[in-house]
Amino acid sequence: SAPLLFITVLCLGHVHAWISQVLSVLKDDVIPHLNQPLLLADFLTRSYDEGGVISMLALNGLFHLIHKHNLDYPEFYPKLYALLSVETLMARHRKKFFTLAEMFLRSS
């Protein structure tokens, strides 16, 4: 199926040239069409582990899986706090990051 092929391609490896674009649309444009969205957990956690902007962009999809699909990921908040750095403050997506961080912290 197309969703399974999409997930397989994502899990093969990260191509930084397009990974940020994929992460930007994952929650709203991909996850709603998947029968098993938890199949994205490995991809999102590996993206989150990348650090920097990739981590910031992976937050939204990962948080969605945690709260809507009961993904158990106890490292979410420690890693969220670790993202607070000078690099984050200077990043192009910083406004989105802080908006998401506020939403995540309100829900805990």
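Where does helix 4 bend, and by about how many degrees? The spot is Leu 59, and the bend there is about 35°. Keep in mind that this is a predicted model, then let's look around, starting with the two helices in this table.

| Helix | Residues | Span, first to last C-alpha | Expected span |
|---|---|---|---|
| Helix 4 | 17 residues | 25 Å | 24 Å |
| Helix 7 | 14 residues | 20 Å | 20 Å |

**Helix 4 and what follows**

So helix 4, bend and all, still reaches a span close to the expected one. Is helix 4 mostly covered or mostly open? Mostly covered: 13 of its 17 residues are buried. Just past the end of helix 4 you'll find Asn 70, which takes a positive phi of about 60°.

**Helix 7 and its two sides**

Now move along to helix 7, residues 94–107. Its buried residues are Phe 97, Leu 100, Ala 101 and Phe 104. Why do these line one face of the helix? Looking down the axis of helix 7, you'd see the buried residues fall within an arc of 105°, so they end up along one face. There's a handy rule behind this: an α-helix has 3.6 residues a turn, so residues three or four places apart point the same way.

What do the buried residues of helix 7 pack against? Their partners are helix 4 (52–68), helix 5 (76–82) and helix 6 (86–90). Flip to the face turned away from the buried side and you meet the exposed residues Lys 95 and Arg 106.

**The core**

Nonpolar side chains tend to be buried together in soluble globular proteins. Here, the largest nonpolar core holds 31 residues. The members touching the most other members are Leu 23, Leu 26, Leu 44, Tyr 48 and Phe 76. Which elements give two or more residues to this core? They are helix 2 (16–30), helix 3, helix 4, helix 5 and helix 7. Helix 4 supplies the largest share, with nine residues.

**A closer look at Thr 45**

Thr 45 sits in helix 3, which covers residues 41–49. Is Thr 45 buried or exposed? Its relative accessibility is 15%, and buried means under 20%, so Thr 45 counts as buried. The side chain of Thr 45 also reaches the backbone oxygen of Asp 42, at 3.1 Å. If you skip the neighbours within four places in sequence, Thr 45 is in contact with Leu 62 and Tyr 73.

Key:
Residues numbered from 1 in each chain as written. Predicted model: local features only at pLDDT ≥ 70, side-chain atom pairs only at ≥ 80, totals over all residues. Heavy atoms only, no water. Helix = DSSP H or I, 4+ residues; strand = E, 2+ residues; numbered from the N terminus. Expected span 1.5 Å × (residues − 1). Buried < 20%, exposed > 50% of the residue type's maximum accessible area, 1.4 Å probe, protein only. Arc of directions from axis to C-beta. Contact = heavy atoms within 4.5 Å. Bend = angle between axes of the 7 residues up to and from the residue. Polar contact = N/O pair within 3.5 Å; in protein donor to acceptor, adjacent residues only side chain to side chain. Core = buried A, V, L, I, M, F, W, Y, C linked by side-chain atoms within 4.5 Å.
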